[in-house]
Amino acid sequence: MTEKNTKGQHPVVKDIRINIRNYQELFSDCSDIKMRQMLLGKEMKVRCMIAYIETSVGNMMLEKSALGQTLNRLCEIPSESVLACVEENSMGISDAAPMDTIEEAGDGMLSGDAILFVDGYNKALKIPDKGYPGKMVSDTESEKVIRGSNEGFTESVKMNTALIRKRIRSPKVKVKEKKVGVRSKTNVDLVYIEDLADPDLLKNIEDRLERFEIDGILDSGMVEQLTESSWYSPFPQFQTTLRPDRAAMSILEGRIVLLADNSPAALILPTDYNSFIQTSDDYYNRWEIASFTRLLRYAASFLAMVLPGLYLAVTNFHTQILPTSLLLSFASARQGVPFPGIVEILLMELAFELLREAGVRLPGAMGNTIGIVGGLIIGQAAVDANIVSAMVVIVVAFTALCSFAIPNEEFATAFRLLKFAFIFLCAFLGFYGFLLGLLLVLIHLSHLESFGIPYMTPFVSPGQGSKGERDSLIRPPAWVLNRRPVYASPGERVRLRRKDRNQKESES
Amino acid sequence: MERERTLFSNNRKVSIRQMKRLLFLELFGISSLILPGLMARFCQTDGIFAIALGAAAAGGLIKWLLDQAAGRIPGAEGADEPSNGKAGSYGRRFWIKSRALLLLALFCLAGGFLLFLLTAVIENQLLDAGFIWIILVTLLAAGGYGIARGIECRARIYEILFWFLVIPLLIMLAIAAIDVDPDYWLPVFACGWKNFFLGTAICFGFFMLSLLSLCMLPFCAKPKEAGRAAASAIRWTAVLDIGLYLILLGIFQPELLMSLKYPAISLMAMAQIPGGLFERQDALMTAIWFFSLFALFNSFIFYGVLQTGRIWPGKKEKKEGQGGAGGKTGKIRIGIVLFLILLAAVACLLNGCGLKEPEQRLYPLALGVPQAEEGYDISYAWPVTSGNDSSTGAASPDAMETFKARSLFEGEQEASENTDRVLDFNHLKALVLDTSVLAKTGKMEELLAYFIENENMAWNTCVFVMDDASGIFEKDMGLGKSLGIYLEELVQSRDDRKEKAITTIKDLIDQYAQQQGTALIPQLSVKDGKPVITAYRVYSAMHDHGTVSAKDAWMADLLMGNARYVSLTLEDGTYITVNHIRIERSIAPAQDGNNGRTPVETMEIRGNLEISGSTVMSAKDRQKLRGYAQEQIQTMLNDFCAKQREQNKVDITDSFQKLAGYDRTLWELYRNNPEAYGKKLHTDIRFSLKLLTA
């Protein structure tokens, strides 16, 4: 092998035999990596080697890829011109990148591109091709909307950044790329708008990405957990989204989107409770219906956490709250049920969680079957067999509906977990338990911050004025939403101006 | 863990809005719970002036103090807690430590009282006595957790909670205000200067709790505005307290108000949300006092822990000047305390469960107190809920049980023991008293004392009397619904009477507290196997004053201001309806023959006349009929009123209750002798009708 340079890497030399030997040594016992030698030029005198990962590069002769076009061209020109052509990059490949060392070339190949070594040329050329196999752009599985695009992120970070750029075609959209994972070398991109995002915030997330060293990052979820400050909290401190339009919307608000390769889930930071309740089509629909559904979601998030507990508190401790006829119905329905209320609720809640888990793991068609089995057979049979009362089935089903109405799955998970705490508190302490639980959750949420933003923004003072915080319980009419939220740089808070008003003023 | 860099939020700083809301809830929680009772005791109807004066004085003083103190805060904007580590001379250090020690003791005492109060409220309203230790321990744990999160976190909690607490409170107050009788706000300036100043001083003391904002000042983002914020918080607290007091006065009157433990919460039990969504919402509304009292309790702990930091500062605290709540030392201290508290809480939880499932309770909907030679016979009628068909519920047959006991408490206990269930009186609909029980004032007082002491008892239960009350409690009468619900519907289905015409336990408790007031109690008898109302007993000042027939009851309702409309057949057989009834009354003294002052009550009753079949009558005939009806009803009312006064010895217009508002000299003359007033009273009723054109 050739001598290493100061970085401990092997430089690419003009003698292709040395380069081939070094490269083969680096990737020994890698049967998925293909290294093909061939002769270029009309007279076939110039030796070259192309290296690529099987399936990441198309059939060069058949496909009209950059690599195929390059090789065709190099085979057609005279041998003595090949070197000059490669050196001057006169083949018209826009992003062919020269690599100085064998290791750099190896990293380039591992990111899904092809590497071309040409005899007499002391650099390796990284030529993009179709890249690693992955899903193409398709509809999102969750966060669906009735109005607006349903396009979802893919598993390729490059594709995902392109999907964001497609929506914000501004040179101020910046993409900072980082490699995270000592062995996985996963690309992590930070996407933001230069003049909108707070520079301190950008520095903060960059620092946090530098704060740990890990062997591999396989999904953005791992980055999320390693970079959040309150690891013990059930509430997520990054907002995840599978939707490029949601990510683009956040970037326009001055937030930063973190994309990880191989993950269709983008992370948005900073975030707050209010952001988790919002959906994309809140802004595509008229404000009246958007406000109504948003209020429903707020109520749903609360009920998803407390409803089973409240049921226990009211029926076991504070019967005076219920109308008499309803109370007597409750009492009648429970006749013959052998278990106390808390066991009944826990049985049904656990059965429901099992059904949810089974439904997620099973293939699509069978998942639906599970829904029928759970909803109709187990629910009805349990009531008929006097294992649970009909009222409990209604309470658990309504709670489940509420949890499904929360737009973000990770956020909904927090309420699902807290629901069990409320069940125990209310079962033992009644409405006092409920108030106590609520107080503890409030204390926790009031203390929680996402990158310096209080989690309960905009319901608590964010510290820099709250003029932009009109978009909370109610989604105001579009004309009112003229300021960005508190995340944006203070000088860039205005996002909507009425041109006609300015015009009229100037005319008058 | 490394502390997160401050990006947006002003860590450890409280905004003016947060300070104002926190202070408002702290003040309102305790003042609304305790002040009404105290004001009723010392100032009666003048309580509102005492609250206003106390608040004004406290607000002015606090503003001045805070403005002075704000000027002494180094670098007002963004300044940290003044560093105690920099205390120079020995004398100054001694002074700082002594002051901190004194404050610590004060905060601990006040915190202890708040914890007791909070525990008592929860125990009374939400849990039973067996839970006291669990409540204490869990509240302490929550308080510890709260202070570990810092002042900014506390301020944020109440910033969020503010509207969630204030909006339901305002709604409930608005609903409760419907039942207010403004006559109960009178007379004013009647409590005497001494009592008035005492009440004002008490209010001043309560509002001076906002001195806590002096401790908050170093954490305030804009200390110079703190004075204005504190004054504003006091102002709004006073406004709400005055509103609440007026409603409480207008419903309970001072005598009952002073005997109630937590009048504001009792008010929540009385107010009925339209639509019947909730039977009673006092348990739900306790949330307001839970959160607001906890705010104050937590403040005491927070400022107490700050003082410990001044007395025994750790190294880091000295450097950071944070006092006891921040820094590593403070967190370790709180952590150890929290861990111990948690262990204790778990231990208490394991043996503290006293809940009862809904099917393990009995819900008596009708309670009978028949005649008994000794003690009481107590009869219960509760719906049978043993069927699995949940649709049965209220429509199911009743189970009837009668127990002999020396007191009602004993009867309740015996019923629980005999049925192996807990009696839940929250849904009681009807109380049926034997006529002989009603006639014995002593027994009635015992009975009402039971209702006052039993927190679960529904005060809006309808009251009935019966000659032999045991008759309807012998077996299920096949009414198609539970007896309690049947009886309640019997009085509630009448749309010609206002809702306040229905006599409830609360009305009897009012009489018990004030020894005055008049109520009409429906008298039941059994007809065709079903209970019906055949007459009304006039019950005034805790005495039975005979009956009014069902036929004549409309006159009593009209004179008591309880009639929505009146339908009757005139002597000539014409059926008429009088609606849109308006009553104006005045009471003035008149000179009698012996040069004395006789009270003369003048009632002007106006209404719109609707004549059945008027379309076939000429305008002249209708005018004639109007005059005829007017004259006849006026005569009937005057005769009825005189008869009640002479035969039944009762002031059926209940004018004494309203006397203070009409004539202060007469009220002062008869304030301690309602009977003399009743004897001298002369009532002149004028009735006029307006004819509606067809």
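**A tour of chains A and B**

Start by selecting Pro458(A), which sits in the loop between β12 (453–454) and α16 (499–507) of chain A. Helices (H or I, at least four residues) and strands (E, at least two) are DSSP runs, numbered from the N terminus. Add Thr457(A) to the selection: the peptide bond from Thr457(A) to Pro458(A) is cis, with omega near 5°.

This is a predicted model, in which local features need pLDDT of at least 70 and side-chain atom pairs count only at pLDDT 80 or more, while totals for chains, interfaces and linings use all residues. Residues are numbered from 1 along each chain as its sequence is written, and chains are lettered from A and ligands numbered from 1 in the order in which they are written.

Another cis bond is in chain B. Select Leu186(B) and Pro187(B), whose peptide bond is cis with omega near 0°. The loop that holds Pro187(B) runs between α5 (151–177) and α6 (193–207) of chain B.

Go back to chain A for backbone angles. Most residues other than glycine have a negative phi, and most peptide bonds are trans. Lys185(A), not a glycine, has a positive phi of about 45°. Find Lys185(A) in the loop between β6 (173–180) and β7 (186–193) of chain A. Is Lys185(A) buried or exposed? Lys185(A) is partly exposed, because 14 other C-beta atoms lie within 10 Å; the scale calls a residue buried at 20 or more other C-beta atoms within 10 Å of its own, exposed at 12 or fewer and partly exposed in between, with C-beta atoms placed from the backbone.

Next select Asn262(A), in the loop between β9 (256–260) and β10 (266–269) of chain A. Phi of Asn262(A) is also positive, near 70°. Asn262(A) has 17 C-beta neighbours inside 10 Å and so counts as partly exposed.

Now colour chain A by domain: domain 1 (16–127), domain 2 (157–271) and domain 3 (287–453), with bounds from an automatic or database domain assignment. The C-alpha centres of domain 2 of chain A and domain 3 of chain A are 33 Å apart. Where they touch, 13 residues of domain 2 of chain A are in contact with 12 residues of domain 3 of chain A; contact requires C-beta atoms, placed from the backbone, within 7 Å. On the domain 2 side, α6 (199–210) and β8 (239–241) of chain A each give two or more residues.

Do the same in chain B, where the assignment gives domain 1 (16–350), domain 2 (356–385 + 396–550) and domain 3 (555–694). For domain 2 of chain B and domain 3 of chain B, the C-alpha centres lie 32 Å apart. Their contact takes 17 residues from domain 2 of chain B and 19 residues from domain 3 of chain B. To see the domain 2 side, pick β8 (518–527), β9 (530–540) and β10 (543–549) of chain B, each of which supplies at least two of its residues.

Finish in the interior. The largest nonpolar core has 247 residues, and those touching the most other members are Cys426(A), Phe434(A), Ile234(B), Leu293(B), Val432(B) and Phe464(B). Such a core is a set of buried Ala, Val, Leu, Ile, Met, Phe, Trp, Tyr and Cys residues joined through C-beta atoms within 7 Å. Helix α15 (residues 409–447) of chain A contributes the largest share of this core, 22 residues. Centre on Cys426(A): leaving aside neighbours within four places in sequence, its contacts are Gly309(A), Leu310(A), Leu312(A), Ala313(A), Gly433(A) and Phe434(A). A second, separate core has 36 residues, among them Val157(A), Ala197(A), Leu201(A) and Ala248(A).

Note on methods
Contact = placed C-beta atoms within 7 Å.
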